[in-house]
Amino acid sequence: MFQFTKPVETARLTLRPFALGDEADMLEFESRPDVARYLYNEPRTPENNAKELAARTAQTVLLAEKDALTLAVDLDGKVIGYVLLVWLSEEHRQGEFGFVFNPEFQGRGYATEAAAEMLRIGFGKLGLHRIIGRCDVRNTGSARVMERLGMRQEAHFREAEIFKGEWGGELHFAMLASEWRASPLSGGAEEATA
Ligand SMILES: CC(C)(COP(=O)(O)OP(=O)(O)OC[C@H]1O[C@@H](n2cnc3c(N)ncnc32)[C@H](O)[C@@H]1OP(=O)(O)O)[C@@H](O)C(=O)NCCC(=O)NCCS
């Protein structure tokens, strides 16, 4: 079980729960076709964006398997993206993370910086043993984030599903708690339990 109680400050960013006032910032990038290209959702409309935002405001606690922790990434008062961590298995201590950013703020290392905090929470606070990340094989930006974090590519599933009307391939990356503890990003990771 993990409850997110107070905002986390990274070198340049604040990770905090979504609030209803984030609607315009969120729609600014989540309505873009280039952002949704490799996501399961379509570009958001004002209506479904508002519904999704309302759901995200409650995604601050991991109580049971399949619960998601979803955090807004705030740069000087503007939401420039979000990161999430899904609790896949309590028994096996597995999780999955993800990240989505406004293209106007890409190419500056913000996604890597914020995603590293989700690894820190997953391993350090929730006590996960393994965290995975998945991306479309054509989503090189996403794969590069996971490589920069020191994750290992464990699989390339070729044409494993029909994604947005065509055969899609998927890369699976993973990191173990022991690998996180050994990573320079963890800074020692004294809280890790696995
Ligand atoms: C995936 C996604 C988050 C990657 O964003 P990104 O901006 O490339 O990633 P980062 O913020 O970590 O930035 C990394 C880039 O910034 C550069 N950079 C500049 N300043 C930097 C700094 N201070 N620290 C680290 N990197 C820096 C890096 O060299 C790197 O460039 P490169 O990709 O040319 O090697 C983004 O493309 C996205 O939101 N896509 C749409 C949603 C999506 O597909 N999400 C993933 C679903 S699986």
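**Exercise 1. Sort the residues of the shell around the ligand by class.**

Solution. The shell divides into nine nonpolar, seven polar and five charged residues. Here Ala, Val, Leu, Ile, Met, Phe, Trp, Tyr, Cys and Pro count as nonpolar, Asp, Glu, Lys and Arg as charged, and the others, Gly among them, as polar. The model is predicted, with local features needing pLDDT of at least 70 and side-chain atom pairs pLDDT 80 or more, while totals for chains, interfaces and linings use all residues. Residues are numbered from 1 along each chain, and side-chain values use heavy atoms, without hydrogens and water.

**Exercise 2. Find which residues and elements form the shell.**

Solution. Step one: 21 residues surround the ligand, each with a heavy atom within 4 Å of it. The closest are Phe99, Phe101, Gly107, Ala111 and Thr112. Step two: β7 (94-101), α4 (110-125), β8 (130-136) and α5 (140-148) each supply at least two shell residues. Helices (H or I, at least four residues) and strands (E, at least two) are DSSP runs, numbered from the N terminus. Step three: α5 gives the most, five residues.

**Exercise 3. List polar side-chain atoms that approach oxygen atoms of the ligand.**

Solution. The cut-off for a pair of N or O atoms is within 3.5 Å. For Thr112 the distance to a ligand oxygen is 2.5 Å. In Asn139, a side-chain N or O atom lies 2.8 Å from an oxygen atom of the ligand. For Arg148 the distance from a polar side-chain atom to a ligand oxygen is 3.4 Å. The protein covers 70% of the 950 Å² of accessible area that the ligand has on its own, by the Shrake-Rupley method with a 1.4 Å probe.

Terms used. Polar contact = N/O pair within 3.5 Å; in protein donor to acceptor, adjacent residues only side chain to side chain.
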